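Have your viewer ready and the selection panel open. We will go from stop to stop, picking a few residues each time and looking at what surrounds them.

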Amino acid sequence: MSLRLGNYESVIGLEVHAELLTASKIFCGCSAAFGAPPNRHTCPVCLGMPGMLPVLNRRVVEFAVRAGLATHCRIAPVSRWARKNYFYPDLCKGYQISQYELPICEAGWIDVPLEDGTKRVRLTRIHMEEDTGKNIHDAHGSASLVDFNRSGVPLLEIVSEPDMTWPAEAGAYLRTLRSILQYLQICDGNMEEGSFRCDANCSVRPRNTMALGTKIEIKNMNSFRAVERAIAYELERQVRVLEEGGTLVQETRLWDPDREETRAMRSKESAHDYRYFPDPDLPPLVVSASFVEDVRRSLPELPDARRARFVSVLGLPEYDAEVLTARRDVADYFEAVVTAHPNAKAASNWVMGDILRLVREQKLDDAPVIERWPVTAAHLGALIALIDGGTISGKIAKTVFEEMLACGDAPAAIVERTGLVQVSDEGPIVAAIDQVLAANGAKVEEYRGGKDKLFGFFVGQVMKATGGKANPGLVNALLKKKLAGS
Ligand SMILES: [Zn+2]
């Protein structure tokens with residue numbers, strides 16, 4: 001994506017809202033699951049009835065600490081709940097419980113892999129808050145409806161420093177952050193369902209100046225591609241306004257994916273307008289050092305460390321390691337295949353090729369359970385073992401693989417049943433070669449006259465004559481000999 005900023009440079013910071021995968025909501029016992037009929041998961045607390053008291057879900061604190069430790073934040077021993085006051089139909093208390101001047105995590109960072117190296121993006125803070133309900137317009141004629149199922153679902157707000165410059169950097173940051181949250185198993189990262197949402201703060205300033213330009217916030221982006229395109233559009237728009245002698249106002253703009261442009265939504269309330277104040281219903285949150293240590297000990301191996309291990313211990317190329325570790329479920333699956341049969345490079349080829357293609361085709365991208373994938377890791381390992389042991393060729397393996405998908409049987413059983421065993425006896429291969437050479441006398445003459453390229457043709461014919469079962473190495477060797485005239 002090319003960006004034309006002329007004499008200006010861009011500054012980008014991102015705010016991510018990640019819905020947490022807790023069973024229940026942050027301040028009540030209602031289910032936090034996605035996709036129920038409207039207003040099914042509600043109670044007087046999350047509906048904001050007067051006089052109801054919030055009770056903090058301990059799991060939310062654990063998840064916040066997990067996120068903070070994985071992103072090198074300082075965990076505050078004491079943090080505080082605040083009321084963020086504003087009026088909106090999907091927020092029926094008239095305030096959102098959030099954190100403000102004392103958030104639970106501060107001053108972290110993430111290393112973001114880019115094409116030309118790694119960029120460290122600093123995190124200002126991570127704080128906990130409750131999600132709001134959802135307004136539904138236009139679906140029922142002129143009526144506007146509100147669904148409160150989402151109201152009170154726990155969120156982490158993860159705020160970066162304005163450390164990014166290019167739209168692609170913002171995209172890479174988001175992918176890295178999402179991957180970390182998925183590894184921690186605290187957020188499913190589904191942008192389309194809104195469980196991983198991003199607002200971008202963008203500004204431009206004349207090159208080589210220090211003061212930040214007017215900050216404009218973009219909302220309503222529900223894919224990585226939309227984030228990158230929206231930021232690119234917005235930066236160019238700001239430069240255009242300034243070069244035409246106009247001035248920018250601090251505001252919130254919405255990304256319109258159909259028209260591929262941002263448009264003004266409202267002028268941005270400043271922090272002052274929200275009238276934050278400490279929530280009188282919730283005591284300050286005290287997190288003990290031993291709690292933090294317990295969480296630290298329970299952290300899984302994170303993508304960075306896993307990538308490095310795949311390269312150093314399993315001997316995979318960097319590229320493979322990066323693709324395989326981008327998603328924890330893919331990496332888990334790959335490791336289970338290698339446990340079944342220790343040929344890491346073959347396992348990597350199968351997983352990055354056939355398996356991920358199937359996962360995409362069958363739209364299992366968001367199925368975090370590898371058990372639901374079309375072929376179990378144990379069966380794939382067994383298939384690779386059959387190839388390595390010379391029982392079947394790589395070509396037959398593709399046929400066996402198709403059969404595994406159809407019936408779910410173990411590869412050895414399929415090979416036995418269908419007789420798809422590799423032929424490594426010279427006898428039948430020599431017979432097939434003789435037959436092919438006899439049937440193609442003219443081509444044999446051409447080959448012997450110097451047309452080497454025909455060799456592949458003969459190999460193909462012999463493989464065809466043997467139903468693809470001939471050992472390809474043997475076919476090559478025997479063909480060479482025969483064609484040389486012996
Ligand atoms: Zn509730």
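Start by selecting Cys-30 and Cys-43: both are buried in this predicted model. Now add Cys-28 and Cys-46, and show the zinc ion. The SG atoms of Cys-28, Cys-30, Cys-43 and Cys-46 coordinate the zinc ion at 2.3 to 2.4 Å. Turn the view around the metal: the angles among the four donor atoms run from 100 to 115 degrees, and the site is tetrahedral. For reference, the ideal angle for four tetrahedral donors is 109.5 degrees. Along the chain, the donors follow the spacing C-x1-C-x12-C-x2-C. Cys-30 and Cys-43 both lie in the loop between strand 1 (8–19) and helix 1 (58–70), so this pair ties together parts that are 13 residues apart in sequence.

Next, select Tyr-173. Which residues does Tyr-173 touch, leaving aside those up to four places away in sequence? Its contacts are Leu-14, Ile-110, Val-112, Val-121, Leu-123, Ile-158, Ser-160 and Met-164. Widen the selection to the largest nonpolar core, which has 109 residues. Tyr-173 is among the members that touch the most others, together with Leu-14, Val-65, Ile-104, Ile-231 and Leu-380. Colour helix 8 (residues 344–361) as well: with nine residues, helix 8 gives the most to this core. Apart from the largest core lies another one, of 18 residues, including Ala-432, Leu-437, Tyr-447 and Phe-458.

Stay with Phe-458 and add Phe-457. Are these two neighbours buried or exposed, or something in between? Phe-458 counts as buried, at 0% relative accessibility, whereas Phe-457 is partly exposed, with a relative accessible area of 26%. The centres of the two rings are 5.4 Å apart and their planes stand at 65 degrees; planes over 60 degrees apart count as edge-to-face, so the pair of Phe-457 and Phe-458 is edge-to-face. The whole structure holds ten aromatic pairs. For another aromatic stop, select Tyr-86, Tyr-100, Tyr-274 and Tyr-276, which ring pairs link into a cluster.

Finish at helix 5 (residues 303–312). Show the side chains of Pro-303, Arg-306, Arg-307 and Phe-310, the buried residues of this helix. Look down the axis of helix 5: these buried residues fall within an arc of 100 degrees, so they line one face of the helix. To see what covers them, bring in helix 2 (167–183), helix 6 (318–325) and helix 7 (328–340), which are among the covering parts.

Methods
Residues are numbered from 1 along each chain as its sequence is written. This is a predicted model: local features need pLDDT of at least 70, side-chain atom pairs count only at pLDDT 80 or more; totals for chains, interfaces and linings use all residues. Side-chain values use heavy atoms; hydrogens and water are left out. A nonpolar core is a set of buried Ala, Val, Leu, Ile, Met, Phe, Trp, Tyr and Cys residues joined through side-chain atoms within 4.5 Å. Buried means under 20% relative accessible area, exposed over 50%, partly exposed in between (1.4 Å probe, protein chains only). Helices (H or I, at least four residues) and strands (E, at least two) are DSSP runs, numbered from the N terminus. Contact means heavy atoms within 4.5 Å. The arc is that of the directions from the helix axis to the C-beta atoms. Donors are N, O and S atoms within 2.8 Å of the metal (3.2 Å for Na, K and Ca); water is not among the atoms, so sites may look incomplete. Four donors count as tetrahedral if all angles lie between 85 and 135 degrees; four count as square planar and six as octahedral if opposite donors are over 155 degrees apart and all others between 65 and 115; anything else is irregular. Rings of Phe, Tyr and Trp (its six-membered ring) pair if their centres lie within 6.5 Å; planes under 30 degrees apart count as stacked, over 60 as edge-to-face and the rest as tilted.
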